[in-house]
Amino acid sequence: MASPRGGGGLKALQQLRSAEPPQWLSPSTELAEAARAASDHLFSSLRPFCPKSPFDRLLIEGFDAEQIWQQIETQMQPLVSGLRRDLKWFERNPEEIREGFGGRRVVEEERKDLEGDEELEEQEELGFDDDDDDDGEDDEEEEEERGGGGIEDRFLKIKELEEYMEDDEAREYGGSKRKHRGGGGGGEEEEEDEDEDIEGLGDSGSEEDDMNARYEDFFGGEKDKGSKNKQKLRKESKDLDDYEDMLNEDSNEDDESENGSDEGLTGDDASLGQLEEGTLSTHEKHLKKQRLKIEQMEKANLEPKTWTMQGEVTAAKRPKNSALEVDLDFEHNVRPAPVITEEVTTSLENLIKSRILDVHFDDVQRLPSLPSKGPKEKKELDENKSKKGLAEIYEEEYEQKTGLVSAPLSFSDEQKKEASLLFKRICLKLDALSHFHFTPKPIVEDMSVKANIPALAMEEIAPMAISDAAMLAPEEVFAGVGDFKDEGELTQAERKRRRASKKRSKKKKFKADTIKRMEMKARNNTINNGKGEEES
Amino acid sequence: MESNGGVSSMVLETVPAAEQKRKFEPLTAHEMSGGNVQYRKVLVPPHRYTPLKKAWMEIYTPIYDQMKIDIRMNLKGRRVELKTRSDTPEVGNLQKCADFVQAFMLGFDAIDAIALLRMDELYVESFEVEDVKRLRGEHLSRAIGRLSGKGGKTKFAIENATKTRIVIADRKIHILGSFVNIKVARDSLCSLILGSPAGKVYSKLRAVTSRLAERF
């Protein structure tokens with residue numbers, strides 16, 4: 001089946017090459033068919049160089065793009081790594097190349113073939129990159145990344161590193177001694193690009209090789225291990241429980257399970273030998289898996305737990321700043337701060353508005369003081385100079401203490417006192433005017449001059465009219481007269497004198513009366529005359 | 001007297017004791033001091049010279065007439081001299097008069113100082129502003145101003161409330177009154193010196209005086 005297929009394959013390759021770039025954008029069955037045929041052809045052509053590959057031919061019919069790609073990958077991995085190793089070897093021994101080119105060594109030829117195949121392979125890879133989904137590209141990229149980043153200490157040998165550095169420096173500064181440069185220094189890639197462009201005419205593959213430079217290129221690590229790691233990684237990313245049924249997966253798994261420990265066996269021969277022992281049955285595989293798991297768990301149990309799993313851990317028992325890295329869970333006793341959103345603010349504002357409209361404010365109101373006692377009579381401090389001397393003040397105090405003088409009516413204010421006094425006086429006067437019923441003056445302890453009124457008159461319910469006679473004392477009545485005599489005691493001369501004085505007084509009186517009568521008469525006459533004249 | 005003496009000499013044991021005792025009158029001040037005349041002299045400060053001249057009769061009359069103490073003014077020596085007489089009734093009169101004159105010299109009025117003559121329990125206490133708090137310069141002036149108040153109203157208020165008389169002579173303060181009243185007045189003045197406002201002092205005064213008044 002190879003030859004017709006081979007012819008078809010070449011045709012397919014040609015077709016792929018001639019296809020326009022926009023054609024690749026939309027999926028077309030024609031191109032897919034062509035791609036499959038081409039890949040099949042390439043696969044079979046490369047088959048002789050991959051002794052390890054489990055496939056004899058590429059299984060295309062009924063297989064997914066992913067599956068086809070997987071098959072290709074399994075074939076290519078060991079091949080590519082082997083080629084790289086050879087390249088490195090060539091770098092170190094450039095004479096061999098010349099000899100290879102010039103001579104007829106089989107190895108060189110093979111190598112040459114390999115080189116040529118490498119080119120094809122690269123193209124194939126590119127083609128498949130176009131054909132297959134992005135998964136394939138991602139895969140390759142993943143591999144490259146992992147391959148470049150995975151540093152294993154056992155591979156990093158200082159001596160080899162130094163040798164390599166020296167070679168690189170010689171290459172850079174020593175000019176173009178060698179023609180072929182394989183996956184050159186990653187760091188000096190930019191500087192070497194020019195040289196490569198000039199020299200490496202057929203080294204399009206090598207350029208691509210530089211871009212896909214990997215760890216093994218520098219340090220020539222274990223291909224087998226690398227491949228195994230890559231397979232492992234691929235598995236992890238692809239959720240490979242689905243592929244357990246597939247032979248390729250099973251065989252890889254076998255390799256891994258048998259080399260479970262970190263100290264993997266080196267060399268391709270060891271892995272090949274294991275494969276040849278035979279595949280295990282499903283049950284045995286399951287058991288192996290379980291055993292592995294159990295071993296792991298037991299190992300974990302024997303080790304001391306991490307500090308997060310221990311009970312109470314103080315700061316001294318855990319590494320520094322380790323609590324920062326762990327998400328600690330503890331109870332917060334504080335309420336979390338409220339998140340202020342627009343709704344919250346609007347609700348608050350609405351509340352405020354409603355309160356204002358209702359006039360319902362939560363003002364603090366002063367407690368009403370209990371009306372327990374009446375207002376105390378506060379004694380006003382007199383700020384004027386006291387008119388009384390100190391002696392007088394003490395005198396008064398003494399008098400009050402001993403009770404000689406009753407305490408005066410206590411008034412708080414001088415003005416009040418004055419006002420009350422005035423009012424009493426007015427009241428007294430009004431009472432006196434209004435009726436004859438005299439109300440006596442109020443008893444005021446004053447050293448005031450009392451009116452010369454007999455006590456009887458004060459208390460008596462009698463008219464106000466008072467005669468002078470009552471006021472005067474008996475002696476005052478006869479103020480002017482000397483000694484008085486009774487009628488019997490009088491001498492004649494005195495009798496005569498009395499009679500004469502009597503007569504005189506009577507005469508006076510009579511005369512006064514007559515004059516009055518005359519005047520009255522005259523007045524009456526004139527009036528009558530007046531009246532008579534009026535009448536007449 | 002002879003018959004008595006004869007009787008007593010005749011019957012010595014049987015005479016009753018009441019007849020034997022003689023009644024003596026109390027000693028006058030003059031006799032108590034052994035017939036010596038006692039003197040007191042009071043210096044007159046220059047600023048009280050003129051007031052003394054004006055109030056001389058008010059001072060002289062009670063001392064000479066009622067206390068029966070001789071008093072004279074030594075013009076040359078600027079002194080008031082007091083002397084007991086033979087008929088001075090009390091021993092303490094001289095000292096009282098001296099206190100009275102001294103109080104006048106401190107700055108009290110004659111009518112206020114007369115209380116010293118009339119009452120026993122009145123005293124004069126003097127102290128300085130510096131005794132209360134060390135004040136200098138403006139602070140001192142302000143303190144003195146605070147003590148008197150505007151137009152002397154704070155001083156009068158304290159005087160009236162505590163029945164004392166206060167004289168503020170630059171830095172010296174003299175208080176005349178009874179012991180308890182002096183204490184109250186002194187406390188009020190000290191609080192004023194220390195800086196409390198007049199209103200606070202008034203309220204305290206009211207409380208204290210009302211309490212004192214209630215007691216009696």
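This is a short tour of a sheet and some helices in chain B of a predicted model.

Residues are numbered from 1 along each chain as its sequence is written, and chains are lettered from A in the order in which they are written. Because the model is predicted, local features need pLDDT of at least 70 and side-chain atom pairs count only at pLDDT 80 or more, while totals for chains, interfaces and linings use all residues; side-chain values use heavy atoms, without hydrogens and water.

**Stop 1: the sheet**

Select residues 39-43, 69-74 and 79-84 of chain B, which are strands E1, E2 and E3. Helices (H or I, at least four residues) and strands (E, at least two) are DSSP runs, numbered from the N terminus. The three strands form an open sheet in the order E1-E3-E2, with antiparallel pairing; two strands pair if DSSP finds at least two bridges between them. E1 and E2 of chain B stand at the edges with a single partner strand each, so one side of each has no neighbour in the sheet. On average, neighbouring strands are turned by 20 degrees against each other, direction ignored.

Now pick B:Val42; its bridge partner in E3(B) is B:Val80. E1(B) and E3(B) are joined over five bridges.

**Stop 2: helices on the sheet**

Add residues 56-66 of chain B, helix H5, which lies across E2 and E3 and runs at about 150 degrees to E2(B). Angles run from 0 to 180 degrees between N-to-C directions, and axes are lines fitted to C-alpha atoms, for helices over the stretch in contact. Next add H6 (residues 93-106) of chain B: this helix touches E1, E2 and E3, and its direction makes about 5 degrees with that of E1(B). Contact means heavy atoms within 4.5 Å.

**Stop 3: H10 and H11**

Select residues 153-162 (H10) and 179-194 (H11) of chain B, whose axes are 9 Å apart at an angle of about 155 degrees. The two helices are therefore roughly antiparallel (under 35 degrees is roughly parallel, over 145 roughly antiparallel, 65 to 115 roughly perpendicular, the rest oblique). From H10(B), B:Thr154, B:Ile158 and B:Thr162 meet residues of H11(B), including B:Asn181 and B:Ser188.

**Stop 4: H9 and H11**

Keep H11(B) and add helix H9, residues 138-148 of chain B; the axes come within 8 Å and cross at roughly 140 degrees. H9(B) and H11(B) are therefore oblique to each other. Here B:Ala143, B:Arg146 and B:Leu147 in H9(B) meet B:Leu189, B:Leu192 and B:Ile193 in H11(B).
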